[in-house]
Amino acid sequence: MLGEASKLTPDESNAFMLKVLKRVGGRRSVVVGASNPGTDNLTRFAKAAMDAGAAGLMVAPIQGLKHDDQVYGYWAEVFARLGPGVPVCYQDYPQTTGVHTSVAVLNRLIDDFPNLVMLKHEESPGLSKITALRAAAADGSRRRVSILVGNGGLHLPQELRRGADGAMTGFAYPEMLVEVCRLFHAGEVEGAEDLYDAYLPILRHEQQMGFGLAIRKEVLHRRGALRSAAMRHPAPRLGKVDHVELDGLMARLERRLAAMS
């Protein structure tokens, strides 16, 4: 959603997917984003991904779904097209899709489609949705699905406390997301919060709507993960003052991490 997938041609999307899957080998650790406004295109790309060794798919509902029956009907068709053997992550990101998925329809989908195995929770504000979903499965009468959160990890500590299992989201320091989740699930909750706090200024800075991806790519470039921070047009560009601000935030983070070690 935040990246530049929408700017790729179909051939580029397929080539990129195959390159990543080849790089990770046979570990089946890659969930491939297959969202598409056309269900035929979605299922065609999904088959190519699964045939190439993907662990599963992430799909967001199409725009324009207005009520629970429409949401359920869309997913019923998608699951029928994909088949029962394809694990699916529901990307719930109404800020972009405009589709507000109720807890009731999510529970209905979980009950009816065993291959719905994960929710990518990105609704904001939406902490109460995590609480409600976990409560609905608390007595064992309903299947418990994994909940991974997005939004750059902006609310990660609170989401973990509500019952999220981890994060599946972009951030220029992904090691923070990994370590916060590890510490939390190891029972070191305060340590997880302290580590998160150290990164919060730069995480918050990266969350600027319409501009954050440019910041993220620049940080990843500086850290050696990307050869270039260039973005495809149309896209924002960092100016001189933006670079100076980023210098300060990255230096501040390094000082805080050094003090914590």
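Contact here means heavy atoms within 4.5 Å, and in this predicted model that criterion gives Glu-123 a set of partners drawn from beyond its own stretch of sequence. Leaving aside residues up to four places away in sequence, Glu-123 touches Asp-92, Pro-94, Gln-95, His-100, Thr-101, Lys-129 and Asn-151. With one of these partners there is also a polar contact, since the side chains of Glu-123 and Lys-129 approach to 2.6 Å. Glu-123 itself sits in the loop that lies between strand 4 and helix 6, and because its relative accessible area is 18%, against a limit of under 20% for burial, Glu-123 counts as buried.

The strands around this loop can be followed next. Strand 4, residues 116-121, pairs with strand 5, residues 146-149, in the parallel sense, and four bridges join the two; within this pairing, His-121 has Val-149 of strand 5 as its bridge partner. Between strand 4 and strand 5 the chain passes through helix 6, residues 127-136, and the resulting β-α-β crossover is right-handed. On to strand 6, residues 166-167, strand 5 again runs parallel, here with two bridges, and Val-149 has Ala-167 as its bridge partner in that strand. The β-α-β unit made by strand 5, helix 7 (residues 156-162) and strand 6 is likewise right-handed.

Helix 5, residues 103-112, contributes Val-105, Leu-106, Asn-107, Leu-109 and Ile-110 as buried residues. An α-helix has 3.6 residues a turn, so residues three or four places apart point the same way. The buried residues of helix 5 pack against helix 3 (68-82), strand 3 (88-92), strand 4 and helix 6, and two of these elements, strand 4 and helix 6, also belong to the crossover that leads to strand 5.

What, finally, is the count of disulfides in the model? The count is zero, and the distance between sulfurs accounts for this in the case of Cys-89, because its closest cysteine sulfur, that of Cys-181, is 15 Å away and therefore too far for a bond, where a disulfide would need the pair of sulfur atoms within 2.5 Å. Cys-181 is likewise in no disulfide, with the sulfur of Cys-89 as its nearest cysteine sulfur. As for accessibility, Cys-89 counts as buried because its relative value is 2%, and Cys-181, at 11% relative accessibility, counts as buried too.

How values were computed
Residues numbered from 1 in each chain as written. Predicted model: local features only at pLDDT ≥ 70, side-chain atom pairs only at ≥ 80, totals over all residues. Heavy atoms only, no water. Pairing = 2+ DSSP bridges. Right-handed = clockwise from strand over helix to strand, strands pointing away. Buried < 20%, exposed > 50% of the residue type's maximum accessible area, 1.4 Å probe, protein only. Polar contact = N/O pair within 3.5 Å; in protein donor to acceptor, adjacent residues only side chain to side chain.
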